[in-house]
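Biologist: I'd like a close look at one part of this model, chosen by you. Please start there and work outwards slowly, as I'm new to this.

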Amino acid sequence: MNKICKLLLLTLLSSSLYGQNALVWGFKTQGRVYSSPVIDEHNLYIGSNDSCLYVLDKEKGQLKWKFQTEGEIKSQPLLYENSVIFNSTDGVIYALDKQSAALQWQFKTEGEQRKDIWDYFLSSPVVNNGRLVIGSGDGHVYSIDPKNGTLIWKYKTEGIVHATPLIHDNKVFIGSFDGYFYALNEENGSLIWKFKTVGDAYFPVGGIQKGASLYKNNTVIFGCRDYNVYALNTETGRGVWNRKEKGSWVIAAPLVIDDVIHVGTSDSHRFCSLSAIDGTEVASYPLNMRIYGEAIQYENNIYFGCFNGKFYQIETSKGKLKEIFQTYGSQKNYYTVFDKKDHFHDGFELYGQDVEGAEKKILDLGSILSTPIIDKDILYFGDSDGFIYALKLDKRSI
């Protein structure tokens with residue numbers, strides 16, 4: 001364990017005395033981590049903006065191996081048979097042997113690009129029926145043989161595709177920054193239908209940035225940069241309902257539990273629960289910063305991370321929001337952005353003259369854009385300070 005991780009461990013373990021969950025281990029990469037982890041029996045796999053895919057011992061956080069690309073790795077890797085498959089901003093999709101890190105195949109797209117400074121993710125690979133499907137910054141949706149990396153089909157949209165595909169009933173559902181949501185034939189990539197988002201005065205094209213979720217096999221639900229959450233009929237592409245989150249994007253794919261969806265927002269700074277049937281609001285939890293990563297359910301509770309560097313739990317039985325962890329960067333830098341009342345302090349402008357400078361201050365909080373994963377009461381995620389964390393959940397909070 002290097003010096004900075006020892007310091008992190010001491011700092012965060014001591015803070016567990018004040019209500020934080022105990023840190024099992026922390027691992028520092030050399031770049032910001034927006035990637036979401038995936039695990040198997042023994043290992044954790046995650047990418048970093050330092051261009052490396054990391055494989056860590058799940059129990060101890062020790063590095064087993066890393067593989068360097070020519071770009072940032074900002075999506076969730078996929079485990080398929082004996083391979084780990086992932087996307088990089090160098091425009092290449094890689095498949096590596098899970099044990100040896102040997103390159104099995106690589107697929108070159110027509111190149112990656114980034115929409116703007118808030119375009120934090122790449123499309124994550126999904127496998128179904130022996131086909132890998134993934135989006136690209138070159139505007140295509142690709143279907144690739146996951147065994148050898150050969151192209152099966154590709155479909156061209158008119159915008160960057162950083163959304164992760166959802167595959168159901170022989171259809172690929174995916175959004176694009178061109179403002180359309182697509183249903184493609186899983187076998188040959190032909191268009192079944194496409195839905196044009198409404199748009200807004202400030203974002204007339206809309207733009208679909210991340211993923212979608214399925215509700216009861218006949219409704220697909222996703223958020224858009226035109227401030228709307230949409231629910232569409234999976235067969236026809238016609239609208240079931242839409243709800244406008246005024247002045248706020250909805251980026252993450254919603255978490256669906258029974259007849260309710262749960263999702264965070266950007267500039268309205270809240271986590272909300274909506275009816276999956278008609279979009280009406282069920283519950284709202286105010287925060288002081290954005291949420292871009294997906295929420296997950298574990299032991300009947302909901303967990304998600306925030307740009308303020310804090311991790312939250314919602315006790316669904318009580319409808320109560322609880323802060324359960326604060327990243328090292330957030331502990332260190334929180335008051336460079338917020339005051340003692342958790343509001344932006346005087347002089348800090350999120351969208352003022354120096355937008356990029358303000359965004360850097362936010363990211364220096366150890367923002368959590370990574371979607372967590374929980375296994376055996378251990379919660380794993382990455383942060384924008386470059387750390388990967390494993391936390392032991394307090395059973396009293398579960």
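Modeller: We'll follow one strand and its partners, then visit the spaces and a few other spots.

Some ground rules: this is a predicted model, so local features need pLDDT of at least 70 and side-chain atom pairs need 80 or more, while totals for chains, interfaces and linings use all residues. Residues are numbered from 1 along each chain as its sequence is written, and side-chain values use heavy atoms, leaving out hydrogens and water.

My pick is strand S32, which runs over residues 387-392. (Strands are DSSP runs of at least two residues, helices of at least four, numbered from the N terminus.) Is S32 enclosed or open? Five of its six residues are buried, so the rest of the structure largely encloses S32. Buried means under 20% relative accessible area with a 1.4 Å probe, exposed over 50%, partly exposed in between.

What does S32 pair with? One partner is strand S1, residues 22-28, which runs antiparallel to S32 over six bridges. The other is strand S31, residues 378-382, also antiparallel to S32, over five bridges. (Strands pair when DSSP finds at least two bridges between them.) Now zoom in on Leu-391 of S32: it is the bridge partner of Leu-23, and Leu-379 stands opposite Leu-391 too. Between S31 and S32 the chain makes a hairpin, with four residues linking the two strands. In that turn sits Gly-386, with a positive phi of about 95°.

Those two partner strands also help to line a space. The second largest pocket is lined by ten-odd names you can find on screen, including Val-24, Ile-378 and Tyr-380. Val-24 falls within S1, while Ile-378 and Tyr-380 fall within S31. Also on the lining are Glu-41, Asp-57, Lys-58 and Asp-375. By class, that lining has three nonpolar, one polar and six charged residues, and the pocket has a volume of about 210 Å³.

The largest pocket holds about 520 Å³. Of its 26 lining residues, Gln-76, Ser-124, Thr-164, Lys-210 and Glu-294 are the closest to the centre. This lining divides into 14 nonpolar, nine polar and three charged residues. (Ala, Val, Leu, Ile, Met, Phe, Trp, Tyr, Cys and Pro count as nonpolar, Asp, Glu, Lys and Arg as charged, the others as polar.)

There is also one cavity of 30 Å³ or more, with about 40 Å³ of space. Strands S21 (239-244) and S24 (270-275) each give two or more residues to its lining. Among the lining residues are Arg-243, Lys-244, Cys-272 and Leu-274. (On a 1 Å grid, a 1.4 Å probe fits in a cavity but cannot get out; a pocket is open, with protein on both sides within 12 Å along at least five of seven lines, and lining residues have an atom within 4 Å of a point. Volume is the space filled by the probe spheres.)

Last stop: Phe-121, in the loop between strand S9 (103-108) and strand S10 (126-128). Is Phe-121 buried or exposed? Phe-121 counts as buried because its relative accessibility is 4%. Its C-alpha atom is 18 Å from that of Thr-29, 92 residues away along the chain.
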